[in-house]
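This report describes selected features of one protein chain. It turns to a local backbone feature, then to a helix, and then to the contact between two domains.

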Amino acid sequence: MSMKLTDEEKRMLNGDCGEAVRYSMEILVKLGNMYGAERFVEIESAHVAMSYPHFQGSIELVESFADKGGKFKLPTTSNTTHWTSNFNRWPDLPESAEHIERCRRMIAAVKKMGAILTCSCTPYYQGNLPRIGAYCSWTESSAITFANSVCGAKANRITDGLDKAAAITGKMPYFGLYLDENRKGNALVKVEYSPRNLTEYGLIGYLVGKYFGDKTPVIEGLPPNTTVNQLKVLGAAAAGSGAVPLFHAVGLTPEARTREQAFGRNKTDLEIKIGPKDIAAAAVDLSTAKSEHFDAVFLGCPHPDIAEVKYLAELLYGKRIKKGIKFWIFISTDVLLLARNLGFAQIIEESGAEFLERTCAIFFDLKKWGWKNVVTDSPKFANLLPSDPTWLDTILLDTESCIKVATVQ
Ligand code: F3S
């Protein structure tokens with residue numbers, strides 16, 4: 001069965017609203033027909049990818065929308081990229097002219113279409129905070145999980161290209177997690193442990209994704225005072241290890257005030273328990289380095305909130321980063337500006353640590369730098385970095401330990 005289009009949508013598909021809209025509608029109708037969607041919905045929130053600069057094809061895909069005259073129909077934030085102020089920042093780590101040029105082209109194309117260049121994986125901290133039930137077109141796996149799970153908004157995991165088409169038309173086919181019946185839990189996670197820090201929240205998420213990657217997990221037993229930021233880190237790790245776009249945390253997330261609400265009519269005998277031994281084993285799983293030597297420390301995955309930066313300033317106060325290693329904190333511009341305003345950023349920079357604004361490790365040409373091991377406090381990073389395009393081995397530690405191994409008094 002083909003999608004039913006309104007008169008307006010037919011005009012858009014016929015090219016009455018310009019080539020970019022026609023091209024976008026053609027893509028979205030194909031998507032909708034593929035998934036058996038009956039109709040379109042109007043999206044209320046858009047967050048677009050800044051594709052990998054390593055791949056020429058990604059850049060050309062985005063430019064194809066811009067060259068056809070594409071303009072985003074609704075306020076649209078942009079995901080993390082390799083931002084210009086970070087180009088060739090370290091003389092000892094030069095970047096190729098081609099890589100930089102591809103990054104510039106990507107930024108120019110998305111800007112031309114009218115994006116708000118937040119360039120962060122935490123759009124909800126930059127004002128793109130969808131209301132409960134709002135249809136969203138978001139990219140960035142951790143952000144999608146946040147929108148669905150923490151905001152109670154509705155978003156599908158989509159690829160680069162579909163995000164531009166949706167932001168240009170303001171529409172998406174009605175499929176997947178847009179439908180209430182597809183949002184109920186179908187696997188149970190019992191947490192029998194009180195996480196002591198953000199990294200341990202991420203480790204719980206890593207295990208949730210590892211065991212129930214193709215399910216909608218319902219998590220019971222998280223502390224009642226679990227914060228939104230802790231859920232951010234948990235969801236990011238689950239999205240990374242298992243492509244989980246939606247989880248429910250009983251008593252914490254909007255579609256799971258109770259276990260019954262989270263499951264609806266679904267019954268399941270799929271169940272795992274997570275205790276201290278599982279957390280310790282997961283940390284070992286995510287540390288792939290064969291030696292204790294490391295070239296860099298990466299913090300800020302996902303981009304931190306201001307409380308995380310304050311905590312870092314307290315930990316780094318009066319300390320020095322050891323010679324020969326890079327200590328990088330990936331961050332959004334708004335949080336960095338606030339951190340400067342409040343004096344946290346200066347304390348951190350005095351230690352020798354560096355902020356990398358609007359970016360993260362995966363956008364650099366790291367393979368060319370000869371690095372082998374990195375230390376991180378992020379289970380999402382630890383899961384991601386040993387693969388393409390970074391191919392780095394990892395040592396996963398909590399934030400305090402990252403600072404201990406990387407500093408001298
Ligand atoms: Fe953000 Fe990069 Fe991590 S985009 S979630 S800092 S992998």
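## Helix 6 and the residue after it

Glycine 170, just after helix 6, adopts a positive phi of about 75 degrees. Helices here are DSSP runs (H or I, at least four residues), numbered from the N terminus. Helix 6 spans residues 162–169 and is mostly covered, with eight of its eight residues buried (under 20% relative accessible area, 1.4 Å probe, protein chains only). The buried residues of helix 6 are Leu162, Asp163, Lys164, Ala165, Ala166, Ala167, Ile168 and Thr169.

## Basis of the model

The model is predicted: local features need pLDDT of at least 70, side-chain atom pairs count only at pLDDT 80 or more, and totals for chains, interfaces and linings use all residues. Residues are numbered from 1 along each chain as its sequence is written, and side-chain values use heavy atoms, with hydrogens and water left out.

## Domains

The chain is assigned domain 1 (7–180), domain 2 (184–284) and domain 3 (286–408); such bounds come from an automatic or database domain assignment. Between the C-alpha centres of domain 1 and domain 2 the distance is 28 Å.

## Interface of domains 1 and 2

Contact (heavy atoms within 4.5 Å) links 17 residues of domain 1 with 16 residues of domain 2. The area buried between domain 1 and domain 2 (accessible area, 1.4 Å probe, lost by two parts on being put together, summed over both) is about 1300 Å², and carbon and sulfur atoms give 66% of this area. Zero salt bridges (a side-chain nitrogen of Lys or Arg within 4 Å of a carboxyl oxygen of Asp or Glu) are counted between domain 1 and domain 2.

Terms used: Buried means under 20% relative accessible area, exposed over 50%, partly exposed in between (1.4 Å probe, protein chains only). Helices (H or I, at least four residues) and strands (E, at least two) are DSSP runs, numbered from the N terminus.
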